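Here is a short report for a reader who is new to this structure. Take a look at the chain, then read on.

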Amino acid sequence: MLRVAVPNKGSLSEAATTMLREAGYALRTSAKSLVHQDTANGVEFFFLRPRDIAVYIGRGILDLGITGRDLLLESESEAVEVLPLGFGRSSFHYAGPAGRFTDPAELDGATIATSYPTLVRADLAARGLSAATVKLDGAVEVSIQLGVADAIADVVETGSTLRAAGLETFGEALLESEGVLIAPAAAQPSRETAAAADILIRRLDSVMVARNYVLIDYDVHESALEAASAVTPGLESPTVSPLQDPEWFAVRSMVEAKAVHEAMDRLYAAGARAILVTNIGACRI
């Protein structure tokens, strides 16, 4: 049975659980459950602290896991990223009191509070800077006010928490993070485990494709068929079917969800009518 680690709480947990359910897996119904078996799909899910998941995966105790890219790199474990999952996006930044810092080079000799000391030390070394780090498990923003640090390094999603504490980011992001699927770097799974892992990866990938694309259907006169098809070329080519009126055709194609309204505008201008958009539940390409 494939053994998969899933975050047990927080935003990563909710997004990972939703994606796995959309991929056809049965997960726990109670937040108190730490282990759940999906016998129909041959998968056993373990609900663990997001920070611990890379450790379990890196040691080969579990076969696959979902965590944040920032947590994977911070762990220094023998685990590797298999698939970016597109949720939980955030940036890892230096931040300090508004107006005090403008460039990370100014951190030389400073004290930096962070929950990610490994990432920070690696970045400081790459810049040739000497700075002390103070490891905190959370609420690093208040460390400056309390005199613990001169600056902080933390994950930033919207920046509202920083602004509330009178802080601002400076310099480019140290890391762009998101939820990722990870696996042991030196894994030699059995044939059955490898097959189950491949299925899970394909299913998650199909969910991401389905989230990024929609199906568009429309009717178009033969005189405008070429122009309309150019708007919706699809992945290989659009599906074109004749209608009862021999001069009209029905066209179906996949288009990127973010561009669907622009595509509808262009199709209508080209002469297409009865334009319909349908969400995709799952898709493999």
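A residue counts as buried when its relative accessible area is under 20%, and as exposed when that area is over 50%. The model is predicted.

Begin with helix H4, residues 117–127. Its buried residues are Pro117, Thr118, Leu119, Val120, Asp123 and Leu124. What covers them? The cover includes helix H3 (69–75) and the strands S6 (90–97), S7 (111–114), S8 (132–135), S9 and S10 (167–177). Just after H4 comes Gly128, with a positive phi of about 75°.

**Domains**

The domain assignment of the protein chain gives these parts:

| Domain | Residues |
|---|---|
| Domain 1 | 2–87 + 178–211 |
| Domain 2 | 90–176 |
| Domain 3 | 212–279 |

The C-alpha centres of domain 1 and domain 2 lie 29 Å apart. Nine residues from domain 1 and nine residues from domain 2 take part in the contact.

**Cores**

The largest nonpolar core holds 43 residues. Which of them touch the most other members? They are Leu20, Phe45, Leu85, Leu200 and Leu204. Helix H7 (residues 191–212) gives the largest share of this core, six residues. Domain 1 and domain 2 each supply at least three residues to this core.

Leu200 has a set of contacts beyond its neighbours within four places in sequence. Its partners are Leu2, Val4, Leu20, Tyr25, Leu64 and Leu181. A second core is separate and has 16 residues. Among them are Ile216, Val220, Ala224 and Val231.

**Two residues to compare**

Is Arg69 buried or exposed? Arg69 is found in helix H3. Its relative accessible area is 16%, under the 20% cut-off, so Arg69 is buried. Residues up to four places away in sequence are not counted in its contacts. Arg69 then touches Glu81, Pro84, Leu175, Glu176, Ser177, Glu178 and Val180.

Now turn to Leu146. Leu146 sits in the loop between helix H5 (142–145) and strand S9 (151–156). Why does Leu146 count as exposed? Its relative accessibility is 62%, and the cut-off for exposed is over 50%, so Leu146 counts as exposed. Leu146 also helps to make a nonpolar surface patch, together with Val142 and Val148. The patch covers about 250 Å².

Conventions. Residues are numbered from 1 along each chain as its sequence is written. This is a predicted model: local features need pLDDT of at least 70, side-chain atom pairs count only at pLDDT 80 or more; totals for chains, interfaces and linings use all residues. Side-chain values use heavy atoms; hydrogens and water are left out. A nonpolar core is a set of buried Ala, Val, Leu, Ile, Met, Phe, Trp, Tyr and Cys residues joined through side-chain atoms within 4.5 Å. Buried means under 20% relative accessible area, exposed over 50%, partly exposed in between (1.4 Å probe, protein chains only). Helices (H or I, at least four residues) and strands (E, at least two) are DSSP runs, numbered from the N terminus. Domain bounds come from an automatic or database domain assignment. Contact means heavy atoms within 4.5 Å. Patches are made of residues with over 30% relative accessible area and no salt bridge: like charges are joined within 9 Å, nonpolar side chains (Val, Leu, Ile, Met, Phe, Trp, Tyr) within 5 Å. Accessible areas come from the Shrake-Rupley method with a 1.4 Å probe; for residues, only the protein chains shown count as cover. A salt bridge is a side-chain nitrogen of Lys or Arg within 4 Å of a carboxyl oxygen of Asp or Glu.
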